[in-house]
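Trainee: Could you take me on a close look at one part of this model? I would like to go through it slowly and see how the pieces around it connect.

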Amino acid sequence: MSHIELRCPRCGKSRPADMSAEVCLDCGLPLDVAYITHDETGLAADVNAIPSPIHEPGSMVSLGEGNTPCVKLLTIGGRLPLSQLFAKLEFLNPTGSFKDRGTATMVSVAREHGVTELVEDSSGNAGASVSAYAARAGIKSHIFVPADAPEAKLRQIRAYGTEIHPIAGTREAVTSAAVAFHQQHGLVYASHMLSPYFAEGTKAFGYEVVQQFVVQQLNGAMPDHVVFPVGNGSLLIGAFQGFRELQASGIIDKIPRLHAVQARNVMPLVAAFNNETWSLADATKTVAGGISVAAPSRQWQILEILRLTAGSAVAVDESSILRMQRDLAEQEGIFAEPTSAAAFAGLEELASQGVIQESDTVLVPVTGFGLKDEPPR
Ligand SMILES: Cc1ncc(COP(=O)(O)O)c(C=O)c1O
Ligand SMILES: [Zn+2]
């Protein structure tokens, strides 16, 4: 018998753990991993012992993901001004983006289930990540991507021997094509947007932050705020789940305020959180391709987390994203892709609104490496 089941974050209804990408039949929401052989409040008694959905630790497919460094940003911090601004360099993960913790867990579970061929759709980074881990696990992967995805991301996906399926049209059209393909060929749909295992793997981000800030005393205390670039919300959700488990175990006493940043050109979460009107038809192209998600499948869960942590949701202009991308490279030596720079543009907005104060400790993940999506010159 498995030690986990899949549970709806909204109504709590559960079903046995499998590899289907089905959502809750009542709420339509993607499911989470729930542990059934542990007392959930005592789940994480130790910051180094992260609960895992994998049955046999030996079956883990790993490339050494996680444990990314945190560095202090003195120049940008001085300008905003924020005296305790830290960046967690997520682009130092094996495929150059934060996706790898989630992928490692999802592909490991797939291997335990005997999966030999899978389908995924992505704006580029999740596709590259799934391609790499599938290659390592000996699983054939089909990755559906927007035909206009950055050339470097397409090259990276191809390098792992993946069968790549470029699709013209919107990001939603790419998902539809992937869904049709997996149904037609009877293949597993390993969607990072829907998979409970991807979300569960990403949780390690929260554990690492506690390890770095509390156990290793990076700054003497936990961050007061974490600011994320959010499309489908996997990093924000994963961080929250990790923090929540460590709070339930008494290892931290409070969860940081979690903030979501979106491009003004694609801002469903910002609109929903702030009661503004916005519809799919309002979406236009953005330089922040990783967060160009007009209908996030986990929207309810993301909004709930923003409310529970007294966070916020802000939209940023294209020009401020590109300016922040340049500043990060020229003033801090951090070459981030535009999607990642969007979080810093949002941080600037939150600091100027007074939501984040000068003496607050702030953490921003730098989610993807700059060479993946180079700025227009
Ligand atoms: C570099 C980068 N940052 C952030 C995100 C947003 O992640 P999520 O869609 O899980 O919110 C993505 C997603 O593709 C990404 O590629
Ligand atoms: Zn439900």
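How much space lies in the largest cavity?

Mentor: Happy to walk you through it. Please keep in mind that this is a predicted model. About 280 Å³ of space lies in the largest cavity. Its lining is made of 25 residues, and those closest to the centre are Phe98, Lys99, Gly231, Gly290 and Ile291. Two elements, helix 3 (125-137) and helix 8, each give two or more residues to this lining. Of the elements, helix 8 contributes the most, with three residues. In terms of residue class, the lining of the largest cavity holds 14 polar residues, eight nonpolar ones and three charged ones.

Now place that cavity in the chain as a whole. The domain assignment gives domain 1 (70-97 + 198-372) and domain 2 (100-196). The lining of the largest cavity takes at least three residues from each of these two domains. Between the centres of domain 1 and domain 2, taken over C-alpha atoms, there are 24 Å. In the contact between them, domain 1 takes part with 28 residues and domain 2 with 25 residues.

Helix 8 deserves a stop of its own. The helix covers residues 234-248, and Ser234 is part of it. Ser234 has a relative accessibility of 10%, and because buried means under 20%, Ser234 counts as buried. Leaving aside residues up to four places away in sequence, Ser234 touches Phe98, Phe198 and Thr202. You have met one of these partners already: Phe98 is among the residues closest to the centre of the largest cavity.

The cavity count does not end there, since the model has three cavities of 30 Å³ or more. The second largest cavity holds about 50 Å³ of space. Around it you will find Met19, Ser20, Ala21, Met106, Tyr189, Ala190, Ser191, Ser195, Pro196 and Tyr197. Seven residues of that lining are nonpolar and three are polar, with no charged residue. Set this beside the lining of the largest cavity, where three charged residues do appear.

Tyr189, in the lining of the second largest cavity, leads us on to a sheet. Four strands make up this open sheet, with parallel pairing and the order 8-7-6-9. Strand 8 (163-167) and strand 9 (188-189) are at the edges with a single partner strand each, so each has one side without a neighbour in the sheet. Strand 9 runs parallel to strand 6 (residues 117-121), and two bridges join them. Within that pairing, Tyr189 of strand 9 is the bridge partner of Val119.

Val119 is a good place to finish. This residue lies in strand 6, and at 0% relative accessibility Val119 counts as buried. Apart from residues up to four places away in sequence, Val119 touches His142, Phe144, Ala178, Phe181, His182, Leu187, Val188, Tyr189, Ala190 and Ser191. Tyr189, Ala190 and Ser191 also belong to the lining of the second largest cavity, which gives you a handy link between the sheet and that cavity when you turn the model. One last pair to look up is Val119 and His185: they are 66 residues apart in sequence, with 10.0 Å between their C-alpha atoms in space.

How values were computed: Residues are numbered from 1 along each chain as its sequence is written. Chains are lettered from A and ligands numbered from 1 in the order in which they are written. This is a predicted model: local features need pLDDT of at least 70, side-chain atom pairs count only at pLDDT 80 or more; totals for chains, interfaces and linings use all residues. Side-chain values use heavy atoms; hydrogens and water are left out. Buried means under 20% relative accessible area, exposed over 50%, partly exposed in between (1.4 Å probe, protein chains only). Contact means heavy atoms within 4.5 Å. On a 1 Å grid over the protein atoms alone, a cavity is a set of points where a 1.4 Å probe fits but cannot get out, and a pocket is an open set with protein on both sides within 12 Å along at least five of seven lines; lining residues have an atom within 4 Å of a point. Grid points are joined across faces, edges and corners, and a volume is the space filled by probe spheres set on the points. Ala, Val, Leu, Ile, Met, Phe, Trp, Tyr, Cys and Pro count as nonpolar, Asp, Glu, Lys and Arg as charged, and the others, Gly among them, as polar. Domain bounds come from an automatic or database domain assignment. Two strands pair if DSSP finds at least two bridges between them.
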